[in-house]
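The following paragraphs accompany a structure shown below. Please keep it in view while reading.

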Amino acid sequence: MLKNLNKSIAWNAFKHIAWGTLKRRLPVKLVCPFYHLISDDDLPHIQYLYKPRTLIQFRKDLQFIIKYYKPVSLKDVHNSIISHKPLSNDSILITIDDGYRECYDFIAPELAWYGIPAVFFLTTSFLDNKSLFSRNKASLLCSVLDKKVLTIPQISTICNLLDIKNPALDQMKSTVLSLAFKDESVLNKIAEVIDYNFDHFLRMQQPYMTSQMVDSLIRQGFEVGAHSASHKKFLFLTEEEKIHEIQSSMEFLEKKFSPEIKSFAFPFDDESMSSNIYGKLKSNVDLFFAAHDLIDDPIPFVFHRFWMEKYAGDIQIVFKRFYFEKMIRKLRGKDFYKRP
Ligand SMILES: [Zn+2]
């Protein structure tokens with residue numbers, strides 16, 4: 001309680017520090033935010049997961065980025081490693097995950113307008129709308145549960161499937177969302193119970209990019225990387241499964257799009273990835289991206305990113321939140337990444 005209060009007082013002081021001073025005092029090897037999509041509307045497959053930035057917010061983000069940072073490409077980052085020449089402290093790499101169609105419709109045109117390079121990390125099983133992400137399924141189910149009047153037998157079956165005693169709507173929705181990480185089969189069974197068809201949504205809405213759209217992004221000068229084969233949480237996978245998720249998605253991407261730099265961004269995070277596994281995969285991947293915010297990794301080809309949809313509001317405040325967390329870690333002597 002006291003700890004939280006102190007942190008909140010510190011944040012209130014910290015957020016008023018001039019931007020330039022803060023950046024100078026808390027340098028990072030590479031500033032690397034990640035987005036998923038931008039939207040002005042509530043999308044049923046997203047709205048229970050996080051709040052995307054709007055088109056206007058994204059434009060303001062890009063104006064801020066070109067004012068205070070030097071946008072770089074994957075190739076620039078890779079060159080800096082092989083030439084042993086560190087990037088300047090102002091370097092920023094924009095990344096976008098999961099391959100939603102809004103990447104093609106809205107994000108790429110905005111980036112192109114400002115001349116900002118970016119990397120689109122694709123989950124290979126979502127590409128061409130082949131399958132629906134378990135988290136998108138969970139959000140869709142929550143949206144139906146919120147709107148549909150269910151019968152008592154339906155509620156009872158859902159509670160049994162979710163293994164909960166309390167049939168309160170909030171409890172059902174939070175359990176559905178948590179199951180997206182662990183047991184997709186329960187989500188499929190609930191969809192059957194409430195007569196919801198995920199395949200129909202996938203066919204009609206086409207929430208992800210097609211290969212043609214990705215080809216077009218590459219022709220425009222954007223880069224692509226892999227974001228695993230099925231977007232499973234690495235924490236729950238065996239070492240063989242982790243290696244398979246990385247290698248198979250990298251091979252797929254190489255065959256289909258031949259990216260010059262071979263890059264992989266972990267879905268969620270690189271939890272439980274040991275230096276040993278990184279060593280085994282070095283020949284398959286030039287650059288890895290994990291997600292422990294503004295922190296430098298001891299492995300030179302691993303970079304950490306921070307999640308732009310984690311906080312709402314003006315980009316300077318969002319960035320300051322992550323710099324604030326960095327400062328707290330620094331004060332506690334914990335601003336380094338410790339790998340198992
Ligand atoms: Zn993702």
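Is Glu241 buried, partly exposed or exposed? In this predicted model, Glu241 has 14 other C-beta atoms within 10 Å and is therefore partly exposed. A residue counts as buried when 20 or more such atoms lie within that distance, and as exposed when there are 12 or fewer. Glu241 belongs to helix 12, which covers residues 239-257. The C-alpha atom of Glu241 is 30 Å from that of Gln47, a residue 194 places away along the chain.

The overall arrangement may be considered next. The domain assignment divides the chain into domain 1, made up of 19-130 + 210-331, and domain 2, which covers 134-203. The centres of domain 1 and domain 2, taken over C-alpha atoms, are 30 Å apart. Where the two domains meet, nine residues of domain 1 are in contact with eleven residues of domain 2. The side of domain 1 that touches domain 2 consists of five nonpolar, three polar and one charged residues.

Helix 5 deserves a closer look. This helix runs over residues 101-114, a total of 14 residues, and spans 20 Å from its first C-alpha to its last, close to the 20 Å expected. Helix 5 nevertheless has a kink of about 40 degrees at Ile107, shortly before the proline Pro109. Its buried residues are Glu102, Cys103, Tyr104, Ile107, Ala108 and Leu111. An α-helix has 3.6 residues a turn, so residues three or four places apart point the same way. The elements that cover the buried residues of helix 5 include helix 3 (55-68), strand 4 (94-97), strand 5 (118-122) and helix 11 (211-219). After helix 5 comes Gly115, with a positive phi near 65 degrees.

One of the buried residues of helix 5, Cys103, leads into the interior. Apart from neighbours within four places in sequence, Cys103 is in contact with Leu37, Ile96, Ala108, Phe120 and Met209. The largest nonpolar core has 64 residues, and those touching the most other members are Leu93, Ile96, Cys103, Phe120, Leu122 and Phe289. Helix 14, residues 315-331, gives the most to this core, with seven residues. There is also a second, separate core of 15 residues, which includes Tyr48, Leu145, Leu162 and Met172.

Strand 5, part of the cover over helix 5, contains Val119. Why does Val119 count as buried? The reason is that Val119 has 25 C-beta neighbours inside 10 Å, and 20 or more are enough for a residue to be buried. Residues up to four places away in sequence set aside, Val119 touches Leu74, Leu93, Thr95, Glu223, Val224, Gly225 and Ser263. The C-alpha atoms of Val119 and Val214 are 11 Å apart, although the two residues are separated by 95 residues along the chain.

Two loop residues remain to be described. Most residues other than glycine have a negative phi. Asn129, however, has a positive phi, near 55 degrees, and lies in the loop between strand 5 and helix 6 (134-147). Ser228, which is not a glycine either, has a positive phi of about 80 degrees. The loop that holds Ser228 is the one between strand 6 (223-226) and helix 12. Which of the classes, buried or partly exposed, applies to Asn129? Asn129 is partly exposed because 18 other C-beta atoms lie within 10 Å, whereas Ser228 is buried, with 26 other C-beta atoms within 10 Å.

Methods:
Residues numbered from 1 in each chain as written. Predicted model: local features only at pLDDT ≥ 70, side-chain atom pairs only at ≥ 80, totals over all residues. Domains from an automatic or database assignment. Contact = placed C-beta atoms within 7 Å. Nonpolar A, V, L, I, M, F, W, Y, C, P; charged D, E, K, R; others polar. Helix = DSSP H or I, 4+ residues; strand = E, 2+ residues; numbered from the N terminus. Expected span 1.5 Å × (residues − 1). Bend = angle between axes of the 7 residues up to and from the residue. Core = buried A, V, L, I, M, F, W, Y, C linked by C-beta atoms within 7 Å.
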